[in-house]
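Biologist: I am new to this structure and should be grateful for a close look at one part of it, namely a place where two helices of separate chains pack together. Please define the terms as they arise.

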Amino acid sequence: MEGVSVNHFVVLSILLFAAGLFCVITRRNALGILMGIELILNSANINYVAFARYSGSGYDGQIFAIFVIMLAAAEAAIGLAIVLGIYQTFETIDVDATDRLRG
Amino acid sequence: MPITEAVFYLLATFTLVCALGVALSNNIMYSAFALMGTLLGVAATFLMLGADFLGVVQLLVYVGGILVLTLFAVMLTHRIAEVHVSNRAVGRPLAVLMVGAVAWWMIKVATAATWVVKAPGVPEPTTYGIGNAFLTDYVLPYEVASLVLLVALIGAVVVSRKEIQG
């Protein structure tokens, strides 16, 4: 791993974050927004694991990444359930069309 | 070019091209499949960083779980044949400008910073250490996490089921 420094991974994670952010702010499809959030969470995980590897701090970074993956699973389950609920009520998952709280 | 650099650039290119596919594709179905490529690329990046357990967890949970859930949701909310061209919340040029500025500054700061790093050693199997840490130092977060998952799954069932009147 001589040629690849921690900066390489940080820049990769920043570019992945940028793609996720672009996805979140340009899409109106709720599923597309959720996919963008997954990209952002993955970019954070790359940072955790890269710094865990290059700082020699044992397993702390990897364990935090595992918690992030676990919370992402919970978030995906809840988020997709809400999206399906919205679809049943509104017949669309365009986030601009869903502006009523009353069902 | 050393082999590790070549592997890194190959992986990074694959991951970022797939991520751009997620962000730019008009068809939400193609986005979902591009997301699979991105998740696989990130799993390979984890393996490259010596995190073997985490790479497998990424495969199992993200590719095997979250992505399948997402595909289910895409198929349940869209007619599959329909190519849905969604109009954008923010115009694309404005979004490119904003995201480009954010990414530019972040890269500038990240490359200017001097990280305190140690030369990484030879990668070792991590499963034993992670399992030990979960049952000693991290036992409380571990139990809370299992509770969070339980609550989330029950909540997902409650939210998504159809209410039966009367």
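**A helix pair between the chains**

Modeller: Helix 3 (residues 60-90) of chain A packs with helix 6 (residues 139-160) of chain B at an angle of about 10°, and their axes lie 8 Å apart. The model is a predicted one, in which local features need pLDDT of at least 70 and side-chain atom pairs count only at pLDDT 80 or more, while totals for chains, interfaces and linings use all residues. Residues are numbered from 1 along each chain as its sequence is written, and chains are lettered from A and ligands numbered from 1 in the order in which they are written.

Helices (H or I, at least four residues) and strands (E, at least two) are DSSP runs numbered from the N terminus. Axes are lines fitted to C-alpha atoms, for helices over the stretch in contact, and angles run from 0 to 180 degrees between N-to-C directions. The angle of about 10° makes helix 3 of chain A roughly parallel to helix 6 of chain B (under 35 degrees; over 145 is roughly antiparallel, 65 to 115 roughly perpendicular and the rest oblique).

Contact requires C-beta atoms, placed from the backbone, within 7 Å. On the side of chain A, the residues of helix 3 that meet helix 6 of chain B include Phe67(A), Met70(A), Ala74(A) and Gly85(A). Among their counterparts in helix 6 of chain B are Pro141(B), Val148(B), Leu149(B) and Ser160(B). The residues of this contact divide into 16 nonpolar, three polar and no charged; Ala, Val, Leu, Ile, Met, Phe, Trp, Tyr, Cys and Pro count as nonpolar, Asp, Glu, Lys and Arg as charged, and the others, Gly among them, as polar.

The helix pair belongs to a wider interface, where 60 residues of chain A are in contact with 70 residues of chain B. Helix 1 (6-26), helix 2 (30-55) and helix 3 of chain A each give two or more residues to the side that touches chain B. Helix 3 of chain A gives the most, with 20 residues. By class, this side of chain A has 42 nonpolar, 11 polar and seven charged residues.

As for the partner, chain B has six helices and zero strands. An automatic or database domain assignment divides chain B into domain 1 (1-83) and domain 2 (124-166), and the C-alpha centres of these domains lie 23 Å apart.

Conventions: Contact = placed C-beta atoms within 7 Å.
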